[in-house]
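Welcome! Take a moment to turn the structure around on your screen before reading on.

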Amino acid sequence: MSDCRKTADQVRALLQSCKGNGPQQTRTFYDSWSTYEQDFAMLNYRAPNFGVDFLDATFCGTRADVQVLDVACGSGLVTKLMSELGFRNFVGVDGSEGMLDLAAQSGLYQDLRLALLGTDPLPAQTGTFDVVILVGALSPGFIPVSVVRELCHAAKPGGLVCMVRGEHRGAEHDMYQCDLQRELQLMEEEGLWGQLAVQHTDRYMNDTFPDPDQQGELFLSGTAYLYKKKELHNKEVCLQVSRFLFRASPNHRERARN
Ligand SMILES: C[S@@+](CC[C@H](N)C(=O)[O-])C[C@H]1O[C@@H](n2cnc3c(N)ncnc32)[C@H](O)[C@@H]1O
């Protein structure tokens with residue numbers, strides 16, 4: 001990919017060429033995209049601003065103290081916006097080394113981790129992050145729906161999971177949306193988390209597959225979801241502590257040896 005400035009139509013053509021690719025090809029595609037930020041700006045990409053404002057409206061706590069996991073962090077647009085609001089501790093994950101190199105240039109991440117999600121497990125310990133955020137990658141050929149459960153696992157009990165996705169048109173996207181809705185609902189029924197808010201935007205970014213008969217710029221709509229991971233109840237805390245003490249007790253180790 002050349003480094004010279006592209007027109008909106010050229011960026012659109014580039015994104016259209018990525019359609020229908022699997023995760024490995026998506027990785028290769030993003031690996032060589034050194035002008036990602038300026039190219040996405042050509043398409044009025046507002047998803048990071050939309051997602052961060054949405055999260056921030058509900059967040060209460062000391063921003064500087066919380067641990068944030070930025071999943072599919074790309075070049076770091078989400079983290080840059082969050083740092084302007086006072087968040088300070090970021091770990092980024094992305095499937096593309098090229099994108100992680102761009103993210104590293106921001107100097108905002110404590111750690112950047114390479115993982116092709118859906119193939120590789122999410123590289124985050126269970127119950128570690130106060131906020132898990134994922135913007136712009138819940139789509140067919142990008143991050144599969146099954147990864148949503150891993151986002152929840154990475155959050156601390158009581159932590160927040162914020163997901164933002166564009167509503168692209170087409171049968172494949174419709175099917176993905178149905179699967180996502182089903183998984184979100186199922187996880188709620190399983191008591192893993194509760195929904196705090198859902199917000200819709202008419203202006204997620206310019207449409208990458210506009211109708212040729214349409215005049216002017218057409219925007220894609222998008223949705224942001226905010227979930228709160230279930231807190232541990234006192235009974236569960238006691239159970240976990242007693243399990244830990246039992247395992248640590250010399251008698252138990254003795255019994256395990258025999
Ligand atoms: C449209 S960009 C969004 C980046 C950033 N969140 C933002 O809003 O600017 C999509 C990102 O998802 C990453 N990605 C796509 N599929 C992935 C996967 N299966 N695992 C990890 N990262 C993936 C790409 O490498 C790319 O950086």
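This report walks through the sheet, its central strands, one loop residue and the ligand surroundings. Please keep in mind that the model is predicted.

## The sheet

A good place to begin is the open sheet of seven strands, ordered β3-β2-β1-β4-β5-β7-β6, in which the pairing is mixed. Its edges are formed by β3 (111-114) and β6 (193-206), each of which pairs on one side only. On average, neighbouring strands of this sheet are turned by 15° against each other, ignoring direction. As general background, strands of a sheet pair through backbone hydrogen bonds, and they do so either parallel or antiparallel.

Three of the pairings can be set side by side:

| Strand pair | Bridges | Direction |
|---|---|---|
| β1 and β4 | Four bridges | Parallel |
| β4 and β5 | Six bridges | Parallel |
| β5 and β7 | Seven bridges | Antiparallel |

## Strands β4 and β5

If you follow strand β4 (residues 129-135), you will meet partners on either hand. Towards β1 (67-71), Leu 69 stands opposite Val 132 of β4, and Asp 70 has Ile 133 of β4 as its bridge partner. Towards β5, Val 131 stands opposite Leu 160, while Val 132 is bridged to Val 161. Val 132 therefore appears twice, opposite Leu 69 and as the bridge partner of Val 161.

Why is β4 described as largely enclosed by the rest of the structure? Seven of the seven residues of β4 are buried, and this is why the description applies. A residue counts as buried when 20 or more other C-beta atoms lie within 10 Å of its own.

Strand β5 (residues 155-166) is also largely enclosed by the rest of the structure, because nine of its twelve residues are buried. On the side of β7 (residues 219-229), Gly 166 of β5 faces Gly 222.

## The helix between them

Helix α7 (residues 147-154) joins with β4 and β5 in a right-handed β-α-β unit. The helix α7 packs on the sheet and touches β1, β4, β5, β6 and β7. Its direction makes about 145° with that of β5.

## A loop residue, Ala 64

Now let us leave the strands for a loop. Ala 64 is found between α4 and β1 (67-71). Is Ala 64 buried or exposed? Ala 64 counts as exposed because it has 9 C-beta neighbours inside 10 Å, and the cut-off for exposed is 12 or fewer.

Ala 64 still has partners from elsewhere in the chain. Apart from neighbours within four places in sequence, Ala 64 is in contact with Gly 86 and Arg 88. The C-alpha atoms of Ala 64 and Phe 87 are separated by 4.8 Å, although these residues are 23 residues apart along the chain.

## Around the ligand

Finally, have a look at the ligand. There are 22 residues around the ligand, and Ala 72, Gly 74, Gly 95, Ser 96 and Gly 136 come nearest. By class, this shell has 15 nonpolar residues, six polar ones and one charged residue.

Which helix gives the most to the shell? That is α2, with three residues. Helices α2 (23-31), α4 (47-58) and α5 (77-84) each supply at least two residues of the shell.

Technical notes. Residues are numbered from 1 along each chain as its sequence is written. This is a predicted model: local features need pLDDT of at least 70, side-chain atom pairs count only at pLDDT 80 or more; totals for chains, interfaces and linings use all residues. A residue is near a molecule or strand if its C-beta atom, placed from the backbone, lies within 6 Å of it. Ala, Val, Leu, Ile, Met, Phe, Trp, Tyr, Cys and Pro count as nonpolar, Asp, Glu, Lys and Arg as charged, and the others, Gly among them, as polar. Two residues are in contact if their C-beta atoms, placed from the backbone, lie within 7 Å. Two strands pair if DSSP finds at least two bridges between them. A crossover is right-handed if, with the strands pointing away from the viewer, the path from the first strand over the helix to the second runs clockwise. Axes are lines fitted to C-alpha atoms, for helices over the stretch in contact, and angles run from 0 to 180 degrees between N-to-C directions.
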